[in-house]
Amino acid sequence: MELFRRQGIELPDPFQTSTRPLPYSGQQWLVDAYGSWERVEQPVIGCAVAMSIRGNVDHIGVVVSPQTVMHSMRNVGVVMHSLEREPIAGRIRGFYVYQR
């Protein structure tokens, strides 16, 4: 959220705007919580990355360079991974850009 705020994009609070109980599909969460996300074929800096960790899309990251995604993991903290290598490459289910 902070990365988007620094770009001048104010995202609504997903816990205030979503009517569905959490957790559920990360991909659906983007659509339900924010409604203004558009799927794109190629990653662009600042876009969200929907990932599958335990089968369904259940994890979101942010592209911070042409080949790098930043995300956080419980008990680990914030981590950076290559979009083109495992463990992330095989888990990517889509890239999404926020439409103002």
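Reader: Before we start, what does "contact" mean here?
Author: It's a simple distance rule: two residues are in contact when heavy atoms of theirs lie within 4.5 Å. Keep in mind that we're looking at a predicted model. With that rule, and not counting residues up to four places away in sequence, His59 touches Val49, Ala50, Met51, Ile53, His71 and Ser72.

Reader: Okay, so is His59 buried or exposed?
Author: His59 is found in strand β3. Buried means under 20% relative accessible area. His59 has 16% relative accessibility, so it counts as buried.

Reader: Which residue's side chain makes a polar contact with the side chain of His59?
Author: Go back to the residues His59 touches, which include Val49, His71 and Ser72. Now look for the polar contact of 2.8 Å between side chains. The partner of His59 in that contact is His71.

Reader: Let's zoom out. In what order do the elements of the chain run?
Author: The chain has three helices and six strands. Start reading at the N terminus and go along the chain. The order you get is α-α-α-β-β-β-β-β-β.

Reader: Why is strand β2 described as largely enclosed by the rest of the structure?
Author: Check its two faces: Ala48, Ala50 and Ser52 are on one side, Val49 and Met51 are on the other, and all of them are buried. So β2 is largely enclosed because the number of its five residues that are buried is five.

Reader: Which strands are joined to β2 by bridges?
Author: Five bridges join β2 to β3, residues 57-65, and these two run antiparallel. Four bridges join β2 to another strand, residues 92-98, and that pair runs antiparallel as well. So the strands you're after are β3 and β6.

Reader: And Val49, what are its bridge partners in those strands?
Author: Take β3 to begin with: the partner of Val49 there is Gly61. Then turn to β6, where the partner of Val49 is Phe95. Put together, the names are Gly61 and Phe95.

Reader: Which residue in the hairpin of β2 and β3 takes a positive phi?
Author: This hairpin has four residues between the strands. Look there for a phi near 115 degrees, and you land on Gly55.

Reader: How many residues make up the largest nonpolar core?
Author: Its members are Cys47, Val49, Met51, Val63, Val69, Leu83, Ile88, Ile92 and Phe95. β2 and β6 each supply at least two residues of this core. Another core lies apart from it, with Trp37, Ala48, Tyr96 and Tyr98 among its six residues. For the largest core, the count is nine.

Reader: Is Ser36 buried, exposed or partly exposed?
Author: Ser36 lies in the loop between α3 and β1. The in-between class covers residues that are neither under 20% nor over 50% relative accessible area. Ser36 comes out at 27%, so the class is partly exposed.

Reader: How far apart in space are Ser36 and Val97, C-alpha to C-alpha?
Author: Leaving aside neighbours within four places in sequence, Ser36 is in contact with Val97, Tyr98 and Gln99. Along the sequence, Ser36 and Val97 are 61 residues apart. In space, their C-alpha to C-alpha distance is 8.4 Å.

Reader: Last one: what share of the residues in the chain is buried?
Author: The chain has 100 residues. Among the buried ones are His59 and Val49. The buried share of the chain is 34%.

Notes. Residues are numbered from 1 along each chain as its sequence is written. This is a predicted model: local features need pLDDT of at least 70, side-chain atom pairs count only at pLDDT 80 or more; totals for chains, interfaces and linings use all residues. Side-chain values use heavy atoms; hydrogens and water are left out. Buried means under 20% relative accessible area, exposed over 50%, partly exposed in between (1.4 Å probe, protein chains only). Two strands pair if DSSP finds at least two bridges between them. A nonpolar core is a set of buried Ala, Val, Leu, Ile, Met, Phe, Trp, Tyr and Cys residues joined through side-chain atoms within 4.5 Å. A polar contact is a pair of N or O atoms within 3.5 Å; within protein, one must be able to donate a hydrogen and the other to accept it, and residues adjacent in sequence count only if both atoms are side-chain atoms.
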